[in-house]
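Please open the model in a viewer and keep the selection tool at hand. The tour below proceeds by selections, with a description of what each one shows.

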Amino acid sequence: MGYGRLNGIPKEVPYLDILRAVGESQFLRTRPLGIPSDDAQQATLLAITAERNRSGWDEMSTRMWANNLIRATRANIWRGYGKMFKQSVDNLVRGHGYRVSGTNSAGIGAAMRSGPLGIIYSLNLDSLRVATIESSLVTHRDVRAVAIAYANTWLVYAFLNDFSYFLARLSKLFGCEQQ
C-alpha cells in the first residue's frame, strides 16, 4: 500500500526527494516517521487477540488470531508485508489448519510481532508459551522462527517479573559475573 493511500498522509514525502538528490538510494524505501510497519500492525492485532483471551490462550484464541489475519488482509491494511506472510494467509483462506498454514520460513515476522504477549501473559508463563507457539505457527512452520519468537516473549516476561534475577543468570551464562 502506498503512503498516499493512507488518510492524511501526503503522496510525496519531502525527505525522499532529498535522499534521491544526494544519491542515497538505499534509504528510498524508508518509512516516514509515524507510519507503523506491517510487523507493528500485526503486533497490535496480536495484542488485541491476546487481550480478549487474557485468561489463557486456547484453540479459540488461535482461531480468532487466524481469522483476524484473514480479515485484515482482505481489508488491505498491511503495509509492505512479504510473500511468505501472504502465502500463510492464503493457506488459511484455503482451509489449512492453523498449525500447518505457516510457510517453511525461518523469518523473523513472528518474533517481530510477539513482544506484547510477554506483557499480556506476564503472570502466566504457560499461557505465554502456548500463545507464542500457537500464534507463530499460523504464519511460520520453521522451528527456528517459533523459537526466536518465544525467546522474544520470554525476555519481555523476564524483564517484567524479576529483572535482577534475569540479569544475574545472563551474566553467569556469558561469564560476566561480578567478583
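The stops that follow treat the core, a helix pair, the salt bridges and a loop residue in turn. The model is a predicted one.

**Stop 1: the nonpolar core**

Select Trp57, Trp65, Leu69, Leu117 and Tyr121, the residues with the most contacts inside the largest nonpolar core, which numbers 21 residues. Then colour the helices that contribute to this core: H2 (38-51), H3 (59-74), H4 (83-93), H5 (109-120) and H6 (125-137) each provide at least two of its residues. The largest share, 5 residues, is supplied by H3. As a general background, nonpolar side chains in soluble globular proteins tend to be buried together.

Next, centre the view on Trp57. Which residues is Trp57 in contact with, leaving aside its neighbours within four places in sequence? The set comprises Leu46, Thr49, Ala50, Thr62, Trp65, Tyr121, Ser127, Val130, Ala131, Glu134 and Ser135.

**Stop 2: helices H2 and H3**

Display H2 and H3 by themselves. In general, two packed helices are described by the angle between their axes and the distance between the axes. Here the axes of H2 and H3 come within 10 Å, with a crossing angle of roughly 145°. The crossing of H2 past H3 is right-handed. To show the contact, select Gln42, Leu45, Leu46 and Thr49 on H2, together with Ser61, Met64, Trp65, Asn68, Leu69 and Ala72 on H3. Classified by type, this contact of H2 with H3 contains 6 nonpolar and 4 polar residues, and no charged ones.

**Stop 3: the salt bridges**

Turn now to the charged side chains. Side chains of opposite charge can pair when their charged atoms come close. The structure contains 6 salt bridges, and three of them are visited here, beginning with Glu59 and Arg99.

In the pair of Glu59 and Arg99, the closest N and O atoms are 3.9 Å apart. This pair connects distant parts of the chain, 40 residues apart: Glu59 belongs to helix H3, and Arg99 lies in the loop between H4 and H5. Glu59 is partly exposed, at a relative accessible area of 39%, and Arg99 is likewise partly exposed, at 46%.

Move to helix H4 and select Lys86 and Asp90, whose side chains form a salt bridge with an N to O distance of 3.0 Å. Lys86 and Asp90 are about one helical turn from each other, because they are 4 residues apart in H4. Asp90 has a relative accessibility of 25% and is therefore partly exposed; Lys86, at 38%, is partly exposed as well.

In helix H6, select Asp126 and Arg129, a salt bridge in which the closest N and O atoms are 3.9 Å apart. Asp126 and Arg129 are 3 residues apart in H6, so about one helical turn separates them. Is Asp126 buried or exposed? Asp126 is exposed, with a relative accessible area of 51%, whereas Arg129 is partly exposed at 36%. To finish this stop, add Glu134 to Glu59 and Arg99: salt bridges with shared partners join these three residues into one network.

**Stop 4: Thr103**

Finally, select Thr103, located in the loop between H4 and H5. Why does Thr103 count as buried? The reason is its relative accessibility of 6%, since buried means under 20%. Leaving aside its neighbours within four places in sequence, Thr103 is in contact with Met84, Gln87, Ser88, Thr139, His140, Arg141 and Asp142.

Methods
Residues are numbered from 1 along each chain as its sequence is written. This is a predicted model: local features need pLDDT of at least 70, side-chain atom pairs count only at pLDDT 80 or more; totals for chains, interfaces and linings use all residues. Side-chain values use heavy atoms; hydrogens and water are left out. A nonpolar core is a set of buried Ala, Val, Leu, Ile, Met, Phe, Trp, Tyr and Cys residues joined through side-chain atoms within 4.5 Å. Buried means under 20% relative accessible area, exposed over 50%, partly exposed in between (1.4 Å probe, protein chains only). Contact means heavy atoms within 4.5 Å. A salt bridge is a side-chain nitrogen of Lys or Arg within 4 Å of a carboxyl oxygen of Asp or Glu. Axes are lines fitted to C-alpha atoms, for helices over the stretch in contact, and angles run from 0 to 180 degrees between N-to-C directions. A crossing is left-handed if the near helix is turned anticlockwise from the far one by less than a right angle, and right-handed if clockwise. Ala, Val, Leu, Ile, Met, Phe, Trp, Tyr, Cys and Pro count as nonpolar, Asp, Glu, Lys and Arg as charged, and the others, Gly among them, as polar.
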